[in-house]
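Me: I've got a model open and a handful of labels I'd like to poke at. Can we go through what earns each one?

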Amino acid sequence: MLTVQNLHQYYGGSHILRDVGLSAAPGQVTVLLGRNGVGKTTLLKSLMGLVPIKSGTITWNGQPIQHQTPYERARSGIGFVPQGREIFGRLTVEDNLRMGLAYKSGSTPIPEHLYTLFPVLKQMLKRRGGDLSGGQQQQLAIARALAPSPSLLILDEPTEGIQPSIIKDIGRVIRQLADHGLDGHPVAVLLCEQYYDFAEELADAYLVMERGEVIAHGPGSEMQEKGIQRLVAI
Ligand SMILES: Nc1ncnc2c1ncn2[C@@H]1O[C@H](COP(=O)(O)OP(=O)(O)OP(=O)(O)O)[C@@H](O)[C@H]1O
Ligand SMILES: [Mg+2]
């Protein structure tokens, strides 16, 4: 279980995250919604330790982690799929997947179940990451994050610029991870999205940010009746 309380973050003098709180539970997809520039990526990077926070607590499986390095957070079972994918374009697909295992011992094999989730990657193991389509790169970024079997998966706008058929595949994988876990391992999913219909379909819980604050949250089943789409329509 991930629990975040009273999180404040600044870039220089700009107060970006304002008293943010949230939780993400195993077996659930928690969606984070909000228009451009409200601080979604900043929040996710703060959870990973990729940007420093000013104050607040981040608790993961009962341990405060807000002073840990990104490396320590990854080791404790948190996987991150960054906005824009950030795969290594000049490395092969196989080596990109190995990068996901970098903190494990050198002999840890790439788990076969990744190819069950994303069969296209198996066919393309020897291709360079940069030669894949945008959607294939997104699948690679997700598989790389899943390689060390995280129990929390954080995804930052995985549908951005991706063709509809691959969006569907990614949605299926996210649902499967939350429902059945990875390799028998229960997974909590925190999914940041601007594609409203995709988010609503997957959401067990939602939160909406505006100017660095959480302005609405609740169970996914209430999103429609609460008119959440209006809060995030561009
Ligand atoms: N490295 C940085 N230095 C200074 N300001 C930044 C930095 N990164 C982001 N910001 C600012 O912080 C605010 C929040 O940005 P952030 O990227 O977190 O938003 P977002 O909700 O992820 O937006 P998008 O939907 O476009 O991805 C914006 O005003 C942005 O300009
Ligand atoms: Mg962003």
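## Helix 1 and its neighbours

Reply: Sure, starting with helix 1: its buried residues are K40, T42, L43, L44, S46, L47 and M48. Keep in mind that this is a predicted model.

Me: What makes helix 1 "largely enclosed"?

Reply: The count does it: 7 of the 9 residues of helix 1 are buried, so the rest of the structure largely encloses it. Just after helix 1 comes G49, with a positive phi of about 80 degrees.

Me: Why is T41 called partly exposed?

Reply: T41 has a relative accessibility of 21%. Buried means under 20% and exposed means over 50%, with partly exposed in between, so T41 counts as partly exposed. Q83 gets that label too, at 28%.

Me: How do you know that T41 and Q83 are donors of the magnesium ion (ligand 2)?

Reply: The protein donors, T41 through OG1 and Q83 through OE1, lie 1.9 to 2.2 Å from the magnesium ion. The cut-off for a donor here is 2.8 Å, so both atoms qualify.

Me: Why does that pair tie together parts that are apart in sequence?

Reply: T41 lies in helix 1 (residues 40-48) and Q83 in the loop between strand 6 and helix 3, so the pair links parts that are 42 residues apart in sequence.

Me: What makes the approach of T41 to ligand 1 a polar contact?

Reply: An N or O atom in the side chain of T41 is 2.8 Å from an oxygen atom of ligand 1, and the limit for such a pair is 3.5 Å. Q83 passes as well, with a polar side-chain atom 3.0 Å from an oxygen atom of ligand 1. For Q194, the distance from a polar side-chain atom to a ligand 1 oxygen is 2.8 Å. The protein covers 58% of the 640 Å² of accessible area that ligand 1 has on its own.

Me: Which element gives the largest share of the shell around ligand 1?

Reply: Helix 1, with 3 residues. By type, the shell divides into 3 nonpolar, 7 polar and 3 charged residues.

Me: What makes the phi of R85 worth a remark?

Reply: Most residues other than glycine have a negative phi. R85 has a positive one, near 75 degrees, and sits in the loop between strand 6 (78-81) and helix 3 (93-99). R85 is also buried, because its relative accessible area of 16% is under the 20% cut-off.

Notes
Residues are numbered from 1 along each chain as its sequence is written. Chains are lettered from A and ligands numbered from 1 in the order in which they are written. This is a predicted model: local features need pLDDT of at least 70, side-chain atom pairs count only at pLDDT 80 or more; totals for chains, interfaces and linings use all residues. Side-chain values use heavy atoms; hydrogens and water are left out. Helices (H or I, at least four residues) and strands (E, at least two) are DSSP runs, numbered from the N terminus. Buried means under 20% relative accessible area, exposed over 50%, partly exposed in between (1.4 Å probe, protein chains only). Donors are N, O and S atoms within 2.8 Å of the metal (3.2 Å for Na, K and Ca); water is not among the atoms, so sites may look incomplete. A polar contact is a pair of N or O atoms within 3.5 Å; within protein, one must be able to donate a hydrogen and the other to accept it, and residues adjacent in sequence count only if both atoms are side-chain atoms. Accessible areas come from the Shrake-Rupley method with a 1.4 Å probe; for residues, only the protein chains shown count as cover. Ala, Val, Leu, Ile, Met, Phe, Trp, Tyr, Cys and Pro count as nonpolar, Asp, Glu, Lys and Arg as charged, and the others, Gly among them, as polar.
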